[in-house]
Every structure is written in C-alpha cells, then in structure tokens.
Amino acid sequence: MSKRIICKNASLGYEDGVVTENLNFTVNSGDYLCILGENGSGKSTLIKALLGLRPPVSGEIKWEEFSAREIGYLPQQTPVQRDFPASVREIVLSGCLARCGLRPFYNKADRKLAEDNMKQLHIENLADRCYRELSGGQQQRVLLARALCATSEMLLLDEPVTGLDPKAQNDLYELIASLNRKGITIIMVSHDIGSSLKYASHILHIAKKQLFFGTVNEYINSKTGRDFIETEGGFNV
C-alpha cells in the first residue's frame, strides 16, 4: 500500500504567533522532496510538525498507511553530539529502540538489522570505532544507518551535509540518492539549491510571501524558483 503525507491548508507556529501558513503539499512513497527557504521561514517548525511533535495551528497534516513515528530522522548535529563517546555499532543499534517497546534489550533481529544497514552504507569496518574519532562524512553515514534502523520507508534529513567538505558532501548526496532509488522516500531540508535541483523529484519552497510546491521542472520555470535561483547566484539547469 502506498504511504504518503498530506499537508492541507496547514498553518504552523507557536503560542506567540504563526510562522508559516497555507501549506499544501503531498509526499508519496518514493518521492525525493527538498524543502527550501530563507532562514526563519518555518522549515524547522515544519520538521517538528512532520515528526508529529507539534500540531498545526490550523489545517491538517495526515500520515496515510503509516505514522509519524515511522519516519527515520537525521537532525543537524551539535558539537556535543559530534563528540559522543560511543561505538559506531552502539549508535546504529540505538535506532532500533522504538522497535524494542518494553523489551529492555536488543534481540538477534535488531543486531542483524544494524549490521545490514552498516554494510549498506559501507561503514561495517567502522563498527568498533569510537564515533567521536570519525570524520564528519563518516559520522553522517553512521547517523543515516541509525535512521534506517528506525524505518525502511521514509527519511527526514535536516541539512545533512552541513560542515562537510565538498567530496564528503557529494558522497553523501550520492548515497542518499541511491537509497531513494531503492524505494526509500526522502524529505530533505536544504540550503543547497544546486544539489536540490540535481537530486530531488519535488521542491517545497517556504517563504513569507511566496509558497511553492511542485516538480523540479515546475519550480525552475516558476517565478518563485527563478527568483530564488537568481538570488543564490544562478545555476545551469
């Protein structure tokens, strides 16, 4: 059964006011959606709403055939998280916690899932290494493997290449694209307009005055897209 998120006439915000309003978009199984927009436009608030952590002020967000808890989430890292003193295997395994329920231990299936996801992301040789000793690109692969232990359906990635060198950025983008080709739905918050246009199937652009949702080609040919691309320096599209 196809799984999807439907956002209909949603306004998002906090007790002291609305951050963004009139959001209308749909994410279908297999989509690769990039969320673009200026700082302060409401992208972080939307992440919380998609994860079921903050309900819309008005309108609705529906998860069809699955729940918000089945979204694997890769947040932006803080300096404290980058220095976390645990092994790669322990961090990847922690993605199985939601599957454990009241069971106070990891079972054989959990451990196999963690090993399979480390192999899929080519970090099995790092399993016994301390996380804080790894490069930024390696750390992001570890966190991606952890998110895949939480779900095999949909990943929500918040600026996953921030702080990485160009080669590590490109490697991670290619890895995410390969997961999408295997059928995993990708929702990515990004400031990287060039890579968004290269890899995404759909664009959601959030701005205070202009909202856009559609395919990449539709975005490139829209006023919102043309204005934003020009502001960001222009790209060969």
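In the next few minutes I will go through the sheet, two of the helices and the cysteines of this structure, which is a predicted model.

Let me begin with the sheet, which is open and has six strands in the order β5-β6-β7-β3-β8-β9, with mixed pairing. At its edges lie β5, residues 71-74, and β9, residues 212-215, each of which pairs on one side only. On average, neighbouring strands of this sheet are turned by 15 degrees against each other, if direction is ignored. Within the sheet, β3, which covers residues 32-37, pairs with β7, residues 185-189, in the parallel sense and over four bridges, and here you can find Ile35 standing opposite Val189 of β7. Helix α7, made of residues 166-181, lies across β3, β6 and β7, and runs at about 145 degrees to β7.

Now please look at helix α1, residues 43-50, which is mostly covered, since six of its eight residues are buried; among them are Leu46, Ile47 and Leu50, and also Lys43. Just after α1 comes Gly52, which takes a positive phi of about 75 degrees.

Finally, the cysteines. A disulfide is a covalent bond between the sulfur atoms of two cysteines, and a search of the whole structure finds zero of them. Why does Cys149 form no such bond with Cys96, which holds the closest cysteine sulfur? The two sulfurs are 4.0 Å apart, which is too far for a bond, because a disulfide requires them to be within 2.5 Å. For Cys7, the closest cysteine sulfur is in Cys34, at 17 Å, and so that is also too far. Both cysteines are buried, Cys149 with a relative accessible area of 0% and Cys7 with 4%.

Notes: Residues numbered from 1 in each chain as written. Predicted model: local features only at pLDDT ≥ 70, side-chain atom pairs only at ≥ 80, totals over all residues. Heavy atoms only, no water. Pairing = 2+ DSSP bridges. Helix = DSSP H or I, 4+ residues; strand = E, 2+ residues; numbered from the N terminus. Axes fitted to C-alpha atoms, helices over the stretch in contact; angles between N-to-C directions. Contact = heavy atoms within 4.5 Å. Buried < 20%, exposed > 50% of the residue type's maximum accessible area, 1.4 Å probe, protein only.
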